[in-house]
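Subject: Structure for your review

Dear colleague,

Please find below the structure that I am handing over to you. My notes on it follow directly after the display.

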Amino acid sequence: MILALTIGVLTTGGVYLMMQRSMVRGVFGLTLISHAANFILLSAGVGAWRGEPLAGRGGLEAAADPLPQAFVLTAIVITLAVTIFMLALAVLGHDDDQKRNPETGEERDS
């Protein structure tokens, strides 16, 4: 129940942040949503009531599935790389809409 509530809170916060105009808030929102997805993948592995998949520590039928854990580890690495890339884009383009274009000599009607 706590895991489902955590996934809901992370998803809600992520969607709220992604609806903002700021690029940094959008990046943080995407990060929260990716963490929620990681929790969903971890809950699919049913590691709570099964043992670790280590040799010599119980039978194979009582071991948790290691595939969701491998997916989550890969997703964490990809999320970190995408977050750094998007934050770099946010830093490079933070004042794109504040610069004035050079005058072209054209006159406006207003």
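Of the contacts in the chain between residues at least 6 apart in sequence, 49% join residues at least 24 apart. Please bear in mind that the model is predicted. Its secondary structure amounts to three helices and zero strands, and the pattern along the sequence reads α-α-α. The chain has 110 residues, of which 16% count as buried. The chain exposes about 8900 Å², and carbon and sulfur atoms supply 65% of that area.

I turn next to helix H1, which covers residues 2–18. At 1.5 Å a residue, the 17 residues of H1 should span 24 Å. The C-alpha atoms at the two ends of the helix are 24 Å apart, so the expected span and the model agree. Within H1, the residues Ile-7, Leu-10 and Gly-14 are buried. These three cover an arc of only 70° around the axis, and therefore they lie on the same side of H1. The general geometry of helices is relevant here: an α-helix has 3.6 residues a turn, so residues three or four places apart point the same way. On the other side of H1, the exposed residues are Ile-2, Ala-4, Leu-5, Val-9, Thr-12 and Tyr-16. As for what covers the buried residues of H1, helix H2 (23–44) is included.

Two residues of the third helix also deserve a note. Helix H3 comprises residues 66–92 and contains Thr-83. Is Thr-83 buried or exposed? Thr-83 has a relative accessible area of 15%; since buried means under 20%, Thr-83 is classed as buried. Leaving aside residues up to four places away in sequence, Thr-83 touches Val-27 and Thr-31.

Leu-89 is likewise located in helix H3. Its relative accessible area is 41%, and because this value falls between the 20% limit for buried and the 50% limit for exposed, Leu-89 is described as partly exposed. Leu-89 and Met-23 are 66 residues apart along the chain, while their C-alpha atoms are separated by 8.8 Å.

In summary, H1 has Ile-7, Leu-10 and Gly-14 buried on one side, with helix H2 included in what covers them, and Thr-83 of helix H3 touches Val-27 and Thr-31.

Yours sincerely

Definitions and conventions:
Residues numbered from 1 in each chain as written. Predicted model: local features only at pLDDT ≥ 70, side-chain atom pairs only at ≥ 80, totals over all residues. Heavy atoms only, no water. Helix = DSSP H or I, 4+ residues; strand = E, 2+ residues; numbered from the N terminus. Expected span 1.5 Å × (residues − 1). Buried < 20%, exposed > 50% of the residue type's maximum accessible area, 1.4 Å probe, protein only. Arc of directions from axis to C-beta. Contact = heavy atoms within 4.5 Å. Areas by Shrake-Rupley, 256 points an atom, 1.4 Å probe, with all protein chains shown as cover.
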